[in-house]
Amino acid sequence: MTTTTSHIPEHVPESEGPDDGVAAVRPARLIHTESTTEIPVHLLFREEPAPSSSASPAEVKLRPAVVAHRPLPEKREKAEGDDRDTRDIGLRARPSAPGVAPEIVERPARVLPGIAGVLAGTFGAAGCAVTAWWAGVLPPLAVEALGGTAGAGGLRPAQWAAFAGAGALGLFGFGGLARGRTGRAWVLELFGRYRGTVRGTGLLWVNPLLLRRRVDVRLRHWRGDPLPAADRGGVALRVAVLVVWRVRDTARATLGVEDHEGYLRACVEAALLRVPVAAPGAGRGAVQATQDALTRLVAADAGPVGVEVCAVRPLRVEYAPEVAAAMHRRRLAALDARHRASLVGSVVDSVEDTVTRLTMRGLLDLDDYERQTLVKDLTVAFCGGRGDTGA
């Protein structure tokens, strides 16, 4: 009979052994843990049978034991820390600005050289003239100039069809002519669907049924009005910035946002509220750090709408009107304190030098009281002289 226990097996004495007569202690309990099967201990640690014994022990088939290894506490903490770091990296990698529809991406539009439009328009006009002559609807002066005779007046159905075809060819030929300029592009739409962008220059032929939107793709800049900001201490500032930018993706800049210039201004204003701006009078390093931080933020916000931001430079930084007077008084007080400290230091050095010289040269033999009186008189005289000179 076997029983199970949760952790520590108990041992009970049994009969004496055949060799030494000493009572052998055999475990009669079962090993029962949370990760292994129940295995009788006497089957694992039983004694070998005697040589004279002819009976062979019965084979016992045991189920395979599956041991679940638990990680050590330090390994488990390390794994959890790696998971947290991975999640944090994933969160940081997410874009801060909303994206635009993936199908709105700039692609070249199908256009023809301008000579094709000129030829089509010329053929259409010539076809209209020939059809009119054929129908006999040309003016008499034109008929006489051509050396012919006027035909029967009126257009028959065949003549109407020829005249309509030639007129449509002429309209399409001349109506699709366009002049491409350097630094300008056209965004083409057909019934509200994006059909491509034209960046070519010179005389081009574009389908006249397409809606054209002109976009300036040159490097541009604008200097905005003073915008609210704050320094590292939270003091309110007014900053005027210079933004250098250009349109990189004409499709997203035109179709992905209502007004890309207004969107860029809003991005600059939002970045100024998130980045601490260097206070007036700060060093070049602080100003450069502010410029780099503003450029990165604005470029990240404006990039999804096809706008490339090259630089965001603070031009003028000043305190807000509500704190300008207080900061002015504070600066004046600091300057006055430094001036007074330097004045007192120079007076003390002068008095000390005078007393030391008089004493070292033996011109005066003073006790402590007389020395204090002399120092007081010299300090008053020097301070009065410095004050009159400064005034």
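Two strands pair if DSSP finds at least two bridges between them. Helices (H or I, at least four residues) and strands (E, at least two) are themselves DSSP runs, numbered from the N terminus. Keep that in mind for the sheet I start with.

A word on the source. This is a predicted model: local features need pLDDT of at least 70, side-chain atom pairs count only at pLDDT 80 or more, and totals for chains, interfaces and linings use all residues. Residues are numbered from 1 along each chain as its sequence is written, and side-chain values use heavy atoms, with hydrogens and water left out.

Now the sheet. It is open, has three strands, and runs in the order 6-10-7 with antiparallel pairing. Strand 6 (112–113) and strand 7 are the edges, each pairing on one side only. Strand 6 joins strand 10 through two bridges, in the antiparallel sense. Which residue of strand 10 is the bridge partner of Pro113? Leu204. On the other side, strand 7 (residues 177–180) and strand 10 (residues 202–205) make an antiparallel pair over four bridges. There, Gly180 stands opposite Gly202.

Stay with strand 7. In a regular strand the side chains alternate between the two faces of the sheet. Here Ala178 and Gly180 point to one face and are buried. Leu177 and Arg179 point to the other face and are not buried. Buried means under 20% relative accessible area, exposed means over 50%, and partly exposed is in between (1.4 Å probe, protein chains only).

Next, a loop. Phe191 sits between strand 8 (184–190) and strand 9. Its phi is near 55°, a positive value in a residue other than glycine. Most residues other than glycine have a negative phi. Phe191 counts as exposed because its relative accessibility is 81%.

Strand 9 covers residues 193–198, and Arg193 lies in it. Arg193 also helps form a positive surface patch, together with Arg107, Arg110 and Arg195. A patch takes residues with over 30% relative accessible area and no salt bridge; like charges are joined within 9 Å, nonpolar side chains (Val, Leu, Ile, Met, Phe, Trp, Tyr) within 5 Å. Lys and Arg count as positive, Asp and Glu as negative; His and the chain ends are not counted. Arg193 is exposed, at 57% relative accessible area.

There is a negative patch too: Asp365, Asp367, Asp368 and Glu370. Asp367 is in the loop between helix 9 (321–360) and helix 10 (368–390). With a relative accessible area of 40%, Asp367 is partly exposed.

On to salt bridges. The rule is a side-chain nitrogen of Lys or Arg within 4 Å of a carboxyl oxygen of Asp or Glu. How many are there by this rule? Eight. One of them joins Arg274 and Asp301, with the closest N and O atoms 2.7 Å apart. That pair links distant parts of the chain: Arg274 is in helix 7 (residues 260–274), Asp301 is in helix 8 (residues 284–302), and they are 27 residues apart. Is Asp301 buried or exposed? Buried, because its relative accessibility is 9%. Arg274 is partly exposed, at 44%.

Another salt bridge stays inside one helix. Asp353 and Arg357 both lie in helix 9, four residues apart, about one turn. Their closest N and O atoms are 3.4 Å apart.

Last stop: Ala251, in helix 6 (residues 250–255). Ala251 is buried, with a relative accessible area of 0%. Its C-alpha atom is 7.6 Å from that of Gly306, although the two residues are 55 apart along the chain.

Definitions and conventions. Accessible areas come from the Shrake-Rupley method with a 1.4 Å probe; for residues, only the protein chains shown count as cover. The place of a charge is taken as NZ of Lys, CZ of Arg, CG of Asp or CD of Glu.
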